[in-house]
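Got the viewer open? Here's a short walk through the model, one selection at a time.

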Amino acid sequence: MAPYEALYGRKCRSPIGWFDVGKTKLLGPELVQQAVEKVKLIQERLRDPSCISPIEDIQVTEDLSYEEIPVVILDRQIRKLRTKEVASVKVLWRNNNIEEMTWEAEEDMKSRYPHLFESSRDMLETNMAGVAQISTRDS
C-alpha cells in the first residue's frame, strides 16, 4: 500500500485523472476563435479614424509635437495650500475639431496668452453690470 493510500484511505490521483472522462471541455478552439474576432474588431477600428484633420491645420514642430489653441477662460478658482494660494483658470481648448476644458495655472496662462484675460475681463465686467441692473430693477 502506498503511503498516500494508507493515510487517506484512497488511491492518489494525478492531475490528469482529476476530471471525469467525457465531462472535460476543450477551451483551445474557443479561445482561438475569440482572439481572432478581437483582432478583426481592432483592425476595423484602426482603418476608419473618426476625425481626420488636414495637415495644414496642425502646426507640427520638429519634435513631432503641436500646440493646442486656447479659446476662452471659463472660470477662475484659488486653491489654498499650506503656505500660499495658487490661482487657476479653467481654459477651453480647441484643436482637431475637439473641445476640451482643463484647469491651468493662471500666471502661466497670463504670460502665454494675455489676450484671453482681456476678453474674459470684459465679459466678466459685462456680466457684473447685467447683475447690477437686474438687482436695481428688482428693488
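For the neighbour lists on this tour, a contact means heavy atoms within 4.5 Å. Keep in mind, too, that this is a predicted model.

**Whole chain.** Start with everything in cartoon. You should be able to pick out four helices and three strands, running α-α-β-β-β-α-α from the N terminus. Of the 139 residues in the chain, 12% are buried. Switch on a surface and you're looking at about 12,600 Å² of accessible area, 56% of which belongs to carbon and sulfur atoms. As for contacts with a separation of 6 or more, 31% of them link residues 24 or more positions apart.

**Colour by pLDDT.** The chain averages 75, and 65% of the residues score at least 70. Which elements have the lowest and the highest mean pLDDT? Helix α4 (residues 114–138) sits at the bottom with 59, while helix α3 (residues 106–112) tops the list with 91. Where pLDDT is low, don't read the predicted coordinates in detail.

**Select serine 88.** You'll land in strand β2, which spans residues 85–95. Is serine 88 buried or exposed? Its relative accessibility is 9%, so serine 88 counts as buried, the cut-off being under 20%. Leaving out residues up to four places away in sequence, serine 88 touches Asp75, Arg76, Gln77, Trp103, Glu104 and Glu106.

**Hop to glutamate 106.** From that list of neighbours, pick Glu106; this one belongs to helix α3. Glutamate 106 is buried as well, with a relative accessible area of 9%. With residues up to four places away set aside again, its contacts are Arg76, Ala87, Ser88, Val89 and Phe117. Arg76 therefore turns up in the lists of both serine 88 and glutamate 106.

**On to phenylalanine 117.** Show the side chain of lysine 110 alongside it. The charged end of lysine 110 sits over the ring of phenylalanine 117, 5.6 Å from the ring centre.

**Last stop: the aromatic pair.** There's one in the structure. Select tryptophan 93 and tyrosine 113: their rings meet edge-to-face, 6.3 Å centre to centre with 80° between the planes. What does the pair tie together? Tryptophan 93 is in strand β2 and tyrosine 113 in the loop between α3 and α4, so the pair links parts that are 20 residues apart in sequence. Both tryptophan 93 and tyrosine 113 are buried.

Note on methods: Residues are numbered from 1 along each chain as its sequence is written. Side-chain values use heavy atoms; hydrogens and water are left out. Helices (H or I, at least four residues) and strands (E, at least two) are DSSP runs, numbered from the N terminus. Buried means under 20% relative accessible area, exposed over 50%, partly exposed in between (1.4 Å probe, protein chains only). pLDDT is the predictor's confidence in each residue, from 0 to 100. Rings of Phe, Tyr and Trp (its six-membered ring) pair if their centres lie within 6.5 Å; planes under 30 degrees apart count as stacked, over 60 as edge-to-face and the rest as tilted. A charge sits over a ring if NZ of Lys or CZ of Arg is within 6 Å of the ring centre and within 35 degrees of the ring normal. Accessible areas come from the Shrake-Rupley method with a 1.4 Å probe; for residues, only the protein chains shown count as cover.
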